[in-house]
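Me: I am a first-year student learning to read protein structures, and I would like to go through this one with you step by step. Could you answer my questions with the reasoning written out?

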Amino acid sequence: MLTLFNLVIGVLWALILIFGEWQDSLFGLVILANALIGIVQELRAKRTLDRLAVINEAPVKVRRDGREQEIQPHQVVLGDLIVLGPGDRLLVDGEVVASDGLEVDESLLTGEADPVPKKAGDQVLSGSFAVAGSGAFVATKVGTDAYAVRLAEEAAKFHLAHSELRAGVANFIKYITWLVVPIGALLIYSQVSNAVDFGTAITGAVAGIVTMIPEGLVLMTSIAFAVGVVRLGRRRCLVQELPAIEGLARVDVLCLDKTGTLTAGGMDLGQVLPLRDDLPIDDALAALANLDRQPNTTAQAIRVRYPAARDGWKAVESVPFSSARKWSGADFGERGVWVLGAPDVLLDGGDAYDRAAALAATGARVLALCRAARLPVPGGHDAAPEAVALVTLEQHIRPDAGETLRYFAEQGVTVKVISGDNPESVSAIATSLGIPDGERSIDARTLPDDQDKLGELLDAHSVFGRVSPQQKRAFVAALQARGHTVAMTGDGVNDVLALKDADLGIAMGAGSPATKAVAQVVLLDDKFATLPHVVGEGRRVLANIERVASLFLTKTFYAIVLSLAVGVAGVMFPFAPRHSTLVNALTIGVPVLFLALAPTLERSRPGFVPRVLRFAVPAGVLCAAAVLVSFWAAHKESSTLVENQTAATIALFLTTWWVLVLIARPLTWWRVILVGSMAVAFAVGLTLPFVRTFFALKPDDLGADLTAVGVSVVAAILISGAVKLAGTLRT
């Protein structure tokens, strides 16, 4: 509330109370009431965000008093032993004391994309996250001493997410402030020099200055954002960055990670198809699935059938699963080396490879269980391991996925399915959901590194399989380079980098803590069907704020023109503050409360500032011209100032009411009722004696009033033509 404009309005309010009539001070009460409404809405939004943030906050697993327990992040203290598994986010700095193939991604801190293996004695930093294996570390720095906290404090000094809407409103306010000061000074001098008494001079000057100030623009912008946050909160959607509301409206490409987004979380073990009958396939699967104390979804599905490792299957050495490798394995000593992972990564052609491809084409997720001479070495040239069985996992397509995808197609949002799974499997699911061109999947390992060529392929295709975490990030960059506004959904640690770089990162509530930490929006109940409401809310906010801005700035520009004309001509201002209060309440104040919160399907377009100015400048100039002509036409020797101001007020209402009609388009039934009721309210006010007396309206000069109506009709026609010519008129 403590803004320059509010300070100016406060001073003007005090001047009216001292030198003018109290009825002319109504603008102060209206602004105070609006501010209170804004404060209430923002408090509601804050309570909603705080409540959802608590739900979203991932607990930290620590070992205290010899047992593992989960605590809230703020309860971590120095010396705590923190247990880590894949996807866990590091919230404090520490020293590793135990590692079982633990690998940590520090890319958010260092920019290096490759995971870093950690062993006992190594340092780990807050802001990183575990991507493979498990382990534990002792907290050595917590709170403000932690690395990520210090880094965030430094980053906050230099970085603020760009918002065209926020920047546009700030620019409006800045330029208007520069105009208000000199024009206000000219107006005050003019009124004091020409008025018959000081009170009348102050009243006229205040009328012009107050009308120049778009006092409700920032307020209604804040209210629209706050209501958007509350509405999304009711759908258990947590907006972690307010500019994300704006990003929702601009999205034209939605990148979906298949697992956890199109398919429901979790999988079921389907078939185990032996390729050799002389090897202990079941024992090997049981041993591999029970290696990790914090298993991924694949291991969890296998564990349902094989809940424990068999006797004698103890790993001498193991490699945990990671999205980059797409396999896990272990050396079980005399039992041999066994590997489980993607067939097209582990196998080098052959019958097993062909059978796996055929199974994947049905939509199943297929893994190859292999026997190897030793654990594969990244970048090595070992012979391909021998496939001994194929394992299928059944994925459950979300029941709301098809309808949600159809919504995006209707709204002009292109969907790209980006998955680490086999391209054939991803294609089968995409085709079953009716995604255009879903049958033509691309293996991401064949894609070029060149950003331009990659962007061309991304524009031409919709389904991609075997996409690495680094490639997901490259996909986002390539699409953005081609002018797209990209939203990325995900739930796993392999999605973190892409979520961070996307214009809008959307994480699933059941996803890893790392994904939820970097995303701007979190779907707490994992409902894919919430996404249309997310996009729709963003479009509502942006389209309606543009309407609100057009209304307020039309008022500002007609006030600037009137003040300049009156100041230069040295005449009285054509209306008093109470007149502008009445007109502004009926053409701006009441309507924007409905228009700013109304549903809309309008897609956001760039160019918010120039588009608003192309509407507001000609509309404001023509409104001012109609008021001045009506005021001067009403001036006769026999007429009084109140009668002249009444004619000017009629012209002001009719022209600004027509601006409201243009901005409210398309005129649905409730919008017709809204604008019609404002016209009726003004007409009734002119006929009721106590209203006329209160607002100093005296429609006794019929000729002058009819002239004002005629001038307003001509001005309305010119306004329609001007804004249509400028290309801003909605139909």
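Me: Which residues of helix α14 are buried?
Reply: This is a predicted model, and in it helix α14 covers residues 401-410. A residue is called buried when its relative accessible area is under 20%. The residues of helix α14 that are buried are Ala401, Gly402, Thr404, Leu405, Tyr407 and Phe408.

Me: Which glycine follows α14, and what is its phi?
Reply: The residue to look at after α14 is glycine 412. The phi of glycine 412 is positive, with a value near 75 degrees.

Me: In what order do the eight strands of the open sheet lie?
Reply: Strands of a sheet pair through backbone hydrogen bonds, either parallel or antiparallel. In this open sheet the pairing is mixed, and the edge strands, each of which pairs on one side only, are β8 (237-239) and β17 (442-443). Read across, the order is β8-β21-β20-β19-β9-β16-β18-β17.

Me: How many bridges join strand β9 to β19, and which residue of β19 stands opposite cysteine 255?
Reply: Strand β9, made of residues 253-256, runs parallel to β19, and three bridges join the two. Opposite cysteine 255, in β19, stands methionine 488.

Me: What angle does the direction of helix α17 make with that of β19?
Reply: Helix α17 (residues 469-481) packs on the sheet, where it touches β9, β16 (414-418), β18 (463-465) and β19. Angles of this kind run from 0 to 180 degrees between N-to-C directions. For helix α17 and β19 the angle is about 160 degrees.

Me: Is threonine 489 buried or exposed?
Reply: Threonine 489 is found in strand β19, which spans residues 486-490. Leaving aside its neighbours within four places in sequence, threonine 489 is in contact with several residues, among them Leu254, Cys255, Leu256 and Ile506. Because its relative accessible area is 0% and the cut-off is under 20%, threonine 489 counts as buried.

Me: How does valine 684 count at 37% relative accessibility?
Reply: Valine 684 lies in helix α24 (residues 669-687), and together with Val680, Leu688 and Phe690 it makes a nonpolar surface patch of about 360 Å². Since 37% falls between the limits of 20% and 50%, valine 684 counts as partly exposed.

Me: What percentage of the residues in the protein is buried?
Reply: The protein has 26 helices and 21 strands, and the surface it exposes is about 30,800 Å², of which carbon and sulfur atoms supply 60%. Among the 731 residues in the protein, the buried share is 54%.

Technical notes:
Residues are numbered from 1 along each chain as its sequence is written. This is a predicted model: local features need pLDDT of at least 70, side-chain atom pairs count only at pLDDT 80 or more; totals for chains, interfaces and linings use all residues. Side-chain values use heavy atoms; hydrogens and water are left out. Helices (H or I, at least four residues) and strands (E, at least two) are DSSP runs, numbered from the N terminus. Buried means under 20% relative accessible area, exposed over 50%, partly exposed in between (1.4 Å probe, protein chains only). Contact means heavy atoms within 4.5 Å. Two strands pair if DSSP finds at least two bridges between them. Patches are made of residues with over 30% relative accessible area and no salt bridge: like charges are joined within 9 Å, nonpolar side chains (Val, Leu, Ile, Met, Phe, Trp, Tyr) within 5 Å. Accessible areas come from the Shrake-Rupley method with a 1.4 Å probe; for residues, only the protein chains shown count as cover. A salt bridge is a side-chain nitrogen of Lys or Arg within 4 Å of a carboxyl oxygen of Asp or Glu.
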